[in-house]
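User: I am new to this structure and would like to understand the words used to describe it. Please show it to me first, and then I will ask how each word is justified.

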Amino acid sequence: MTEAAAAVAWRLGADRVESARDRQHAATLGLTPINDVPALGFYIERDDDGLVLRHAADPAGTGLRCALADTTELADRQAGGRRSPLARAFGLHRHAPMRVLDTTAGLARDAATLASLGCDVTAIERQPALYALIEDATQRIHATPEQRPVWWSHWQWPVHADAADWLSADAGQKAFDAIYIDPMFASPRRKSAPQKALAWLAELAGTDEDAPALLEIARAHARRRVVVKQHARAEPMAPPDLQIRGRAIRFDIYLTPRA
Ligand SMILES: C[S@@+](CC[C@H](N)C(=O)[O-])C[C@H]1O[C@@H](n2cnc3c(N)ncnc32)[C@H](O)[C@@H]1O
């Protein structure tokens, strides 16, 4: 139930051995297979480093990749360690790593950071092109044992679903210590232009108006806490038990009765 989510095509490279498999997979995910760079909008395509998200307005640009495929960015994020606002929001500066469900995976930057800090992370994404990027990066690392990062055993296979539906179905099987929600919101009075990744995600996935409903479901399922990332000046979705403040963002923490 996103508002203004954009459609995405999958540009198949005629000269790539993966093309037949990719065509099938595009159909499974509901992405339109195309051969040429489209006149407008987003598309994904495969190069030697895996799937990349591109925009028709910038076909020669670097595009965007899943964080699992961008080891430099991931190393920077990991360097923040257990004292970073994200890690503290999960209590990792005090407690042992936990089993985390990231219900809003996006490019999997936060999910991969949490896995690199030792949490067992399952990432869910409902936007099909973004899910394709995460799944492809997972598959590529899985297929090359010598390139797996040391924390790879903490990365669980990603899920393509709406997290609220997925959590509600067969809930007894899904035990997570912490559930993470990083919804896409219209930013309150932004002074500077958003960075490319954020601007593209906003255009691609739309705003997540259903996040308050997801929070309710998450609070009913998390064993210990639900962590919600918000813009620093945004109203909390519900009164939180704890808050961790970063420079531009804030984490609202909801402790569950079982905490
Ligand atoms: C702001 S982005 C998350 C960025 C992410 N934390 C990262 O590190 O890259 C929000 C993402 O959550 C996804 N999303 C929002 N609500 C969802 C839901 N109920 N189930 C699955 N995915 C959801 C959107 O499609 C979008 O890709």
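User: Why is Asp110 called buried or exposed?

Analyst: This is a predicted model, in which local features need pLDDT of at least 70, side-chain atom pairs count only at pLDDT 80 or more, and totals for chains, interfaces and linings use all residues. Residues are numbered from 1 along each chain as its sequence is written, and side-chain values use heavy atoms, with hydrogens and water left out. Buried means under 20% relative accessible area, exposed over 50%, and partly exposed in between, with a 1.4 Å probe and protein chains only. Asp110 has a relative accessible area of 10%, and therefore it counts as buried.

User: What makes Arg126 buried, partly exposed or exposed?

Analyst: The relative accessible area of Arg126 is 26%, so this residue is called partly exposed. Arg126 is found in the loop between β6 (120-125) and α5 (128-143), where helices (H or I, at least four residues) and strands (E, at least two) are DSSP runs numbered from the N terminus.

User: Which residues does UniProt place under "binding site"?

Analyst: The unreviewed UniProt entry places that feature at Arg109, Asp110, Glu125, Arg126 and Asp182; its positions are given in the numbering used here, feature names are shortened, and annotations may be inferred rather than shown by experiment. Of these, Asp110 is found in helix α4 (residues 109-116). Contact means heavy atoms within 4.5 Å, and, leaving aside neighbours within four places in sequence, Asp110 is in contact with Arg77, Leu86, Tyr180, Asp182 and Lys229.

User: How do you know where Ala108 belongs, and what is notable about its phi?

Analyst: Ala108 has its place in the loop between β5 (99-102) and α4. Its phi is near 65°, a positive value in a residue other than glycine. At 0% relative accessibility, Ala108 also counts as buried.

User: Why are β2 and β4 said to stand at the edges of their sheet?

Analyst: The open sheet of four strands has the order β2-β1-β3-β4, with mixed pairing, and two strands pair if DSSP finds at least two bridges between them. β2 (32-34) and β4 (50-55) each have a single partner strand, so one side of each is left without a neighbour in the sheet. Strand β1 (residues 8-11) and β2 meet the requirement, pairing in the parallel sense over three bridges, and Ala9 stands opposite Thr32 in β2. Helix α1 (residues 19-29) packs on the sheet, touching β1, β2 and β3 (42-47).

User: Why are the buried residues of α7 said to line one face?

Analyst: In α7 (residues 196-205), the buried residues are Ala197, Trp200, Leu201, Leu204 and Ala205. Seen down the axis of α7, they fall within an arc of 105°, so they line one face of the helix; the arc is that of the directions from the helix axis to the C-beta atoms. What covers these residues includes β1, β3, β4, α4 and α5.

User: What makes a group of residues a nonpolar core, and how many residues has the largest?

Analyst: A nonpolar core is a set of buried Ala, Val, Leu, Ile, Met, Phe, Trp, Tyr and Cys residues joined through side-chain atoms within 4.5 Å. The largest has 55 residues, and those with the most contacts inside it are Trp10, Ile44, Leu53, Leu68, Phe90, Val100 and Trp155. Helix α5 gives the most to this core, with eight residues. A second, separate core of 21 residues includes Ile124, Ile181, Val228 and Met237. In soluble globular proteins, nonpolar side chains tend to be buried together.

Note on methods:
Axes are lines fitted to C-alpha atoms, for helices over the stretch in contact, and angles run from 0 to 180 degrees between N-to-C directions.
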